[in-house]
Amino acid sequence: MTATRPLIDNYIRAWNEADPLRRRALIEDVYAEHAVYTDPMVQTRGWEGIDATIAAVQAMFPGHRFALAGDVDAHHDIARFQWHLSAPGAAEPLVVGFDVAELDEGRIRRVHGFLDKVPMAA
């Protein structure tokens, strides 16, 4: 599981990458081709769906950045981690989430996302 932290770091990088070509390259590196992403607001499958989801979140929160909010805990091809979405220079994150990722051969095959804090408009 020593490769888990770099994989999750790249997962966060994909959510922050605004350039569509670089984001897609990260997505293809991080996720299995038919990976499933599910959170309370969306369920999608595959690289295209995940890319469209990330682009939609970036459009909803322009200029905001995702960051890990602690360590990545992993065992038996499962990783869990908390993240924050914040505006630049903000003292408090706008959104706080917790993801559980199922791994397969060094890539994410499924993400179960939970939103612990969301703005009222979301």
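Of the 122 residues in the protein, 40% are buried. This figure, like those that follow, comes from a predicted model. The accessible surface amounts to about 6,900 Å², and carbon and sulfur atoms account for 54% of that area.

The overall dimensions fit well with this picture of the fold. Along its principal axes, the C-alpha trace spans about 35 × 30 × 25 Å. A compact globule with 122 residues would be expected to have a radius of gyration near 14 Å, so the 13 Å found for the protein agrees with that expectation. Turning to charge, the protein carries 12 positive and 18 negative charges, and the mean positions of the two sets are 2 Å apart.

Three helices and seven strands make up the secondary structure. Read along the sequence, these elements follow the order α-α-β-β-α-β-β-β-β-β. Among contacts between residues at least 6 apart in sequence, 44% join residues at least 24 apart.

The interior is a good place to look next. The largest nonpolar core contains 28 residues, and Y11, Y31, F81 and I108 have the most contacts inside it. Two or more residues come from each of the helices α1 (4-16), α2 (20-30) and α3 (46-60), and likewise from each of the strands β1 (31-39), β3 (65-68), β5 (78-86), β6 (95-104) and β7 (107-117). Helix α1 gives the most to this core, with six residues. A closer view of Y11 shows how these parts meet: leaving out residues up to four places away in sequence, Y11 touches V30, Y31, Y37, F81, D99, I108 and V111. Among these partners, Y31, F81 and I108 are also listed with Y11 as the residues with the most contacts inside the core.

Two further residues deserve a brief visit. N16 is placed in helix α1. With a relative accessible area of 14%, N16 falls under the 20% cut-off and is therefore buried. Its contacts, apart from neighbours within four places in sequence, are with Q58, H64, R65 and F66.

P93, by contrast in setting, lies in the loop between β5 and β6. Its relative accessible area is 12%, so P93 counts as buried. Beyond the neighbours within four places in sequence, P93 is in contact with H84, L85, S86 and K117. A67 lies 26 residues from P93 along the chain, and the C-alpha atoms of the two are separated by 9.7 Å.

Technical notes:
Residues are numbered from 1 along each chain as its sequence is written. This is a predicted model: local features need pLDDT of at least 70, side-chain atom pairs count only at pLDDT 80 or more; totals for chains, interfaces and linings use all residues. Side-chain values use heavy atoms; hydrogens and water are left out. Helices (H or I, at least four residues) and strands (E, at least two) are DSSP runs, numbered from the N terminus. The radius of gyration is taken over C-alpha atoms; the globule rule is 2.2 Å times the number of residues to the power 0.38. Buried means under 20% relative accessible area, exposed over 50%, partly exposed in between (1.4 Å probe, protein chains only). Contact means heavy atoms within 4.5 Å. Accessible areas come from the Shrake-Rupley method with a 1.4 Å probe; for residues, only the protein chains shown count as cover. Lys and Arg count as positive and Asp and Glu as negative; His and the chain ends are not counted. The place of a charge is taken as NZ of Lys, CZ of Arg, CG of Asp or CD of Glu. A nonpolar core is a set of buried Ala, Val, Leu, Ile, Met, Phe, Trp, Tyr and Cys residues joined through side-chain atoms within 4.5 Å.
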